[in-house]
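User: I would like to learn how to read the features of a structural model one by one, with the cut-offs stated. Could you show me the structure and take me through it?

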Amino acid sequence: MATTAEWVEGARVRTLPAAVAPVLVGTAVAWHAGSADAVRAVLAGVVALALQLGVNFANDYSDGIRGTDADRVGPLRLVGSGSASPAAVKAAAFGCFALAGVAGLALVVLTGQWWLLAVGVACILAAWYYTGGRRPYGYAGLGELFVFVFFGLVATVGTTFVQTLDVPWPAVAGGVATGALASAILVANNLRDRAGDEVAGKNTLAVRLGDANTRRFYAALVLTGALGVVALAAGTTWWALLGLLGLLVAIGPVRAVLSGAQGRDLIGVLKRTGIAEVLSAVGVLVGVVLA
């Protein structure tokens with residue numbers, strides 16, 4: 001039987017890679033530009049972490065009240081299992097969004113770039129309407145696109161920008177890498193839940209693509225992540241190719257997905273894909289610093 005500890009583990013797998021990796025990669029590009037700033041990097045990390053936690057709670061709340069989590073293969077959900085009230089989980093989501101807003105406002109003050117407030121509002125709205133509202137876009141197969149844009153491009157390029165006040169193209173390449181790998185985590189998650197989601201009317205991209213194409217898409221995203229690292233290295237230093245070493249961890253998951261892993265076997269794929277994303281980001285940062 002699922003436990004609260006499993007929920008915490010599931011949240012950790014979904015949260016840490018999407019929050020940490022873009023900040024590490026964005027800071028690596030800022031370091032190469034000679035403008036790395038520890039305070040701004042930490043604040044960017046708080047924004048990313050709080051937003052990702054907020055998405056987790058919001059997703060738990062919205063899916064729970066819709067009954068989507070009634071029959072679930074993966075870790076326990078708080079609302080769906082009755083472990084927490086919908087009101088409490090909703091409050092936790094908005095608390096995380098508020099924390100992200102405070103850290104983001106601090107970055108706006110430090111940089112003097114007030115237009116970043118609009119970016120922050122867009123991030124919070126996108127986080128809530130992923131599964132919230134009358135027409136959640138996560139139920140229309142657009143979840144991976146949201147993850148790629150906001151937890152890849154926006155998070156990585158934004159981290160670089162608040163430190164350099166510039167958008168060098170290696171930051172965009174890094175955003176492609178982190179976005180693709182974060183999306184791969186979601187694809188694996190939705191592949192695991194595909195049958196249940198289809199019954200519940202949650203038309204994720206995995207439901208729309210079907211089993212075989214979803215597996216190919218996962219592999220393509222991991223490959224895109226590797227190509228993004230190569231492009232970033234081409235624009236900074238070839239030492240950044242150390243990021244490819246972290247992606248060696250993803251070889252096993254790719255093989256498992258392409259060989260037809262199902263159900264709970266895909267939980268291991270989720271974990272190892274997340275580990276690969278973080279290790280790849282660490283490798284990029286270490287490589288740039290060494291250079």
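**Reading the features**

Analyst: Let us start in helix α10 (residues 211–235), where R215 and D211 are four residues apart and therefore separated by about one helical turn; helices are DSSP runs of H or I of at least four residues, numbered from the N terminus. The model is predicted, so that local features need pLDDT of at least 70 and side-chain atom pairs count only at pLDDT 80 or more, while totals for chains, interfaces and linings use all residues. Residues are numbered from 1 along each chain as its sequence is written, and side-chain values use heavy atoms, with hydrogens and water left out.

User: With which residue does R215 form a salt bridge, and how many salt bridges are there?

Analyst: A salt bridge is a side-chain nitrogen of Lys or Arg within 4 Å of a carboxyl oxygen of Asp or Glu, and this rule gives a count of four. R215 forms one with D211, the closest N and O atoms being 2.8 Å apart. R215 is buried at 5% relative accessibility, whereas D211 is partly exposed at 25%; buried means under 20% relative accessible area, exposed over 50%, and partly exposed in between, with a 1.4 Å probe and protein chains only.
Another of these bridges joins R194 to E198 at 3.9 Å between the closest N and O atoms, and both residues lie in helix α8 (residues 194–200), four residues apart, about one turn of the helix. E198 is partly exposed at 45% relative accessibility. R40 also forms a salt bridge, with D37, again with the closest N and O atoms 3.9 Å apart; here R40 is buried at 17% and D37 partly exposed at 28%.

User: Which residue has a positive phi although it is not a glycine, and where is it found?

Analyst: Most residues other than glycine have a negative phi. In this model L165 has a positive phi of about 55 degrees, and L165 is found in the loop between α6 (143–164) and α7 (169–192). At 41% relative accessibility, L165 counts as partly exposed.

User: What is the volume of the largest pocket, and which residues lie nearest its centre?

Analyst: On a 1 Å grid over the protein atoms alone, a pocket is an open set of points where a 1.4 Å probe fits, with protein on both sides within 12 Å along at least five of seven lines, and lining residues have an atom within 4 Å of a point. The volume, being the space filled by probe spheres set on points joined across faces, edges and corners, is about 640 Å³ for the largest pocket. Of its 32 lining residues, V47, V119, G120, C123 and V154 lie nearest the centre. Elements giving two or more residues to this lining are α2 (38–66), α4 (86–111), α5 (116–128) and α6, with α6 contributing the largest share, eleven residues.

User: How many aromatic pairs does a search of the whole structure find?

Analyst: Rings of Phe, Tyr and Trp (its six-membered ring) pair if their centres lie within 6.5 Å, with planes under 30 degrees apart stacked, over 60 edge-to-face and the rest tilted. The search finds nine such pairs. One of them, F94 with F97, is edge-to-face, at 5.9 Å centre to centre and 85 degrees between the planes. F94 and F97 are three residues apart in helix α4, and so separated by about one helical turn, yet F94 is partly exposed at 41% and F97 is buried at 4%. Elsewhere, ring pairs link Y130, Y137, F146, F150 and F151 into a cluster.
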